[in-house]
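Student: I would like to learn how to read a pocket and a pair of packed helices in a model. Could you take me through one of each?

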Amino acid sequence: MTDTSALERAPQHSSTEHFDVIIVGAGISGVGGAYHLRQQRPGARFVVLEALGDFGGTWRSHTYPGIRSDSDLYTFGYRFKPWVGPPIASAAEILKYMGEVIEDNDLARHIRYGHKITRASWSSQDKLWTLEVTRSDGATQRFTTNFLWMCQGYYRQLQGYTPQWPGMSDYTGQIIHPQEWPENLDYKGKRVVVIGSGATAATLVPAIAGDCDHVTLLQRSPTYFVPGRNENDLANTLRELQIDETWIHEIVRRKALFDQEMFTHRAIAEPDAVKAELLEGVKAFLGEDFDIAKHFTPRYRPWRQRIAFVPDGDLFQGIASGKASVVTDEIERFTPTGLLLKSGETLDADIIITATGFNLNVLGDIDFVVDGKPLNFADTVTYRGMMFTGVPNMVWVFGYFRASWTLRADLIADFVCRLLAHMDERGAKQIEVALRPQDKDMPLSGWIDPENFNPGYLMRGMHLLPKAGDKPEWRHTQDYWAEKDALPAIDLDEASFVYS
């Protein structure tokens, strides 16, 4: 349940408030962080600042038809709250789940909605962050905090990425990005082209296919999908045995994580076998005569980009029924009535939807300053993908690509609470990470190894992200199965941590 009185209780004039910890963002990471802070640091004064008018982040701001998770809710859900619905869930179901977390744990009173941070300044003299905030009512407010916990995600919620093609201004229909979906878009009986090949496109096409005259999925190159029933047989069996939901959640979660680890290992160790299995799953819906090689066989090995689960194979069912079709080609230009492709084929469309990705948003597009100097995160080196050299008293939640985002949000929450307790024990007011003597000549590279994982949005924005080293401490490994043991075992007194 949303705390609708949060803005009413906030001062209506410019003022300064102080908190021990400020969490930025009330999405999946921020709500989880607030829960862990209340449980593990019950005496801490904290607030969650959210730019949107309600909790949920992506699940609140994205309103295109059919929006759903692309990974299972037994691992995308929090470890502390059982998930009782289907493995793949709609945005409405996820918001309901998050709302229950907020209500059950009395978190609403800690959240301020409509609070957009524009500037964050660190003072080593005062050992404080000062945040300049613009509220949705137009007022400005200042906050100070000892510790900043960045849970705002990594892309711009309200503005997607649309490439610029020749002739776009000539097109007489509507061009829409899913992140900017109009409230009352009428696509019934219309010819629609969805440009893209990822999870968003795979969600949109089956969601609108029944109402459109026809919908065409236009992709430059294919991606991998995992079609399957939106059921978990193990969970169903345990419920038939009347096992407690808390136990069911933990057992199914562990089984899902075990299966994901095996799949990830196989995707790297035996990519050809995994590729064949994935393509067989598509062929089961589309049949032997469909051109799987052209339309659903990617040029890269499995897991070099994210693999989306397609519940009940709905995308492929839509194609098999004739309500949807797929075209694999490149765009030459837009025309007044649609698209001219490089093959010479034309696609007429009343509406063109650009499901072409999003824009990387490094730490909320906030103007960061450290001791009077503007901060460029690309000049820093990351400590395990959550802290940065030269940036005191701050942790960033950046989740996993090959496992659920929330798994890392939970792990980092434990780390933050343990770090705050350790600072109290030492009497320290400031913590930052620094390269050790043995790290000074360490070769540096981009945030993510493109040979390991290379989606377009990361490749476009790599220059904005912190650097990584060649040691586990100085990179985001993207390996949950290693980090679930490594992060809790971090020695907070080792030389990478500098206290004052």
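Student: Which element gives the most residues to the lining of the second largest pocket?

Tutor: Bear in mind that this is a predicted model. The element that contributes most to the lining of the second largest pocket is H8, with six residues. The pocket itself has a volume of about 840 Å³, and among its 29 lining residues those closest to the centre are Asp72, Val226, Asp259, Gln260 and Phe309. The elements that supply two or more residues to this lining are strand E11 (225-228), H7, H8 and strand E12 (308-311).

Student: How many residues of each class are in the lining of the second largest pocket?

Tutor: Sorted by class, that lining holds 14 nonpolar, six polar and nine charged residues.

Student: H7 and H8 are both named there, so to speak; how should I read the packing of two helices?

Tutor: Two packed helices are described by the angle between their axes together with the distance between those axes. Here helix H7 (residues 233-240) packs against helix H8 (residues 245-269) at an angle of about 155 degrees, and their axes lie 10 Å apart. Because angles over 145 degrees count as roughly antiparallel, H7 is roughly antiparallel to H8. The crossing of H7 past H8 is right-handed.

Student: Which residues of H7 meet H8, and which residues of H8 do they meet?

Tutor: From H7 come Leu234, Ala235, Leu238 and Arg239, and these meet Glu245, Ile248, Ile251, Val252 and Lys255 in H8. By class, this contact between H7 and H8 comprises six nonpolar and three charged residues, with no polar ones.

Note on methods
Residues numbered from 1 in each chain as written. Predicted model: local features only at pLDDT ≥ 70, side-chain atom pairs only at ≥ 80, totals over all residues. Heavy atoms only, no water. Axes fitted to C-alpha atoms, helices over the stretch in contact; angles between N-to-C directions. Helix = DSSP H or I, 4+ residues; strand = E, 2+ residues; numbered from the N terminus. Parallel < 35°, antiparallel > 145°, perpendicular 65-115°, else oblique. Left-handed = near helix turned anticlockwise from the far one by under 90°. Contact = heavy atoms within 4.5 Å. Nonpolar A, V, L, I, M, F, W, Y, C, P; charged D, E, K, R; others polar. 1 Å grid on protein atoms, 1.4 Å probe; cavity = no way out; pocket = protein on both sides within 12 Å on 5 of 7 lines; lining within 4 Å. Points joined across faces, edges and corners; volume = space filled by probe spheres on them.
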